[in-house]
Amino acid sequence: MTTVDLTEISSDALLKEMNRRLACLNKPEKRVILIGPPGSGKGTQSPKLKNEHCLCHLATGDMLRAAVAAKTPLGLEAKAAMDSGGLVSDDLVVGVIRDSLKAPECRNGFILDGFPRTVPQAEKLGEMLKATGNTIDRVLNFEVPDSVLVDRVTGRWIHPASGRSYHTKFAPPKVAGKDDYTGEPLMHRADDNADTLKARLQAFHAQTKPVLEFYGPKAITISANKPMYDVEAQITNAMK
């Protein structure tokens, strides 16, 4: 666990964080799924959703890597599957999500990014949540024309620890290659290239339509190829 020297944080910043946490006590619970192709803006909007609604952000890839690193029972199962060249089963992924939801920061709900990708996965997720008396409240479908996504994805840089997203053209960091808040290095994903994107988009479109139909009226389309203030307004309305 990373420790922070509070003497290096201003009193105003500490007070602001304390007030934010107190406000979270009165926030309604929400369980949200983000669906959208690579470069659709999920990475930009998820930290804002997380802070506004006091939710935890669960990215399945990150959770699996953390479980493997922590050598949890499910993490060891996942590592065995990956080491053998096999796929991590849906049941195992749902188990990792279930374990992650026990964290204190998830008490108000969660934002789930990267899962479910198929109807069977959505069904397994629903069964797990039903066992705890919960259900998915919203599914936000970030829609962007494929032609726009190539520019977005190939220039994208990520701050791994926070999920903050930058773009060399549209939203550059203040210092090239560095996160605006921590100064830590940004990462360019190896698969953020045009050829890989086209293949991923084909698979995404084939899988996504049935999942959106599965969630019915809970699924709300966000026209994400618009100015950021417009996208944020759409999300605010969808979360009511």
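**Figure 1. Asp 179, tucked away in a loop.** In this predicted model, Asp 179 counts as buried because its relative accessibility is 3%, and the cut-off for buried is under 20%. You'll find Asp 179 in the loop between β6 (165-167) and α8. What does the side chain of Asp 179 join up with through a polar contact? Look for the side chain of Thr 182, with 2.9 Å for that polar contact. Now skip the neighbours within four places in sequence: Asp 179 is still in contact with His 159, Arg 164, Tyr 166, Glu 184 and Leu 186.

**Figure 2. Helix α8 from end to end.** Helix α8 covers residues 194-215, which makes 22 residues. From its first C-alpha to its last, α8 reaches 30 Å, close to the 32 Å expected at 1.5 Å a residue. Have a look at the N-terminal end, where Asn 193 acts as a cap. A side-chain oxygen of Asn 193 lies 3.3 Å from the backbone nitrogen of Asp 195. At the other side of the helix story, just after α8, comes Gly 216 with a positive phi of about 55°.

**Figure 3. The kink in α8.** Where does α8 kink? Check Thr 208: a kink of about 30° lies there, shortly before the proline Pro 210. Pro 210 is itself part of helix α8. Is Pro 210 buried, exposed or partly exposed? With a relative accessible area of 32%, Pro 210 is partly exposed, because that label goes to values between 20% and 50%. To get a feel for distance, pick out Leu 64, which sits 146 residues from Pro 210 along the chain. The C-alpha atoms of Pro 210 and Leu 64 are separated by 25 Å.

**Figure 4. The buried residues of α8 and their cover.** Which residues of α8 are buried? They are Leu 197, Leu 201, Phe 204, Thr 208, Val 211, Leu 212 and Tyr 215. Keep a general point in mind as you read that list: an α-helix has 3.6 residues a turn, so residues three or four places apart point the same way. Thr 208 deserves a second glance, as it is one of the buried residues and also the site of the kink. The cover over the buried residues includes two helices, α6 (119-131) and α7 (146-154). Strands β1 (30-35), β4 (138-143) and β7 (219-223) are also among the elements covering them.

**Figure 5. Two positive phi values outside glycine.** Cys 54 and Lys 71 make a handy pair to look at. Cys 54 has a phi near 60°, a positive value in a residue other than glycine, and its place is in the loop between α2 (42-53) and β2 (56-59). Lys 71 has a positive phi too, near 55°, and is found in the loop between α3 (60-70) and α4 (73-83). Which of these is buried and which is exposed? Cys 54 is buried, with a relative accessible area of 9%, whereas Lys 71 is exposed, at 61%.

**Figure 6. A cis peptide bond before a proline.** Zoom in on Phe 115 and Pro 116, which are joined by a cis peptide bond. Omega for this bond is about 5°. Pro 116 is found in the loop between β3 (109-113) and α6.

Methods:
Residues numbered from 1 in each chain as written. Predicted model: local features only at pLDDT ≥ 70, side-chain atom pairs only at ≥ 80, totals over all residues. Heavy atoms only, no water. Helix = DSSP H or I, 4+ residues; strand = E, 2+ residues; numbered from the N terminus. Expected span 1.5 Å × (residues − 1). Bend = angle between axes of the 7 residues up to and from the residue. Buried < 20%, exposed > 50% of the residue type's maximum accessible area, 1.4 Å probe, protein only. Contact = heavy atoms within 4.5 Å. Polar contact = N/O pair within 3.5 Å; in protein donor to acceptor, adjacent residues only side chain to side chain.
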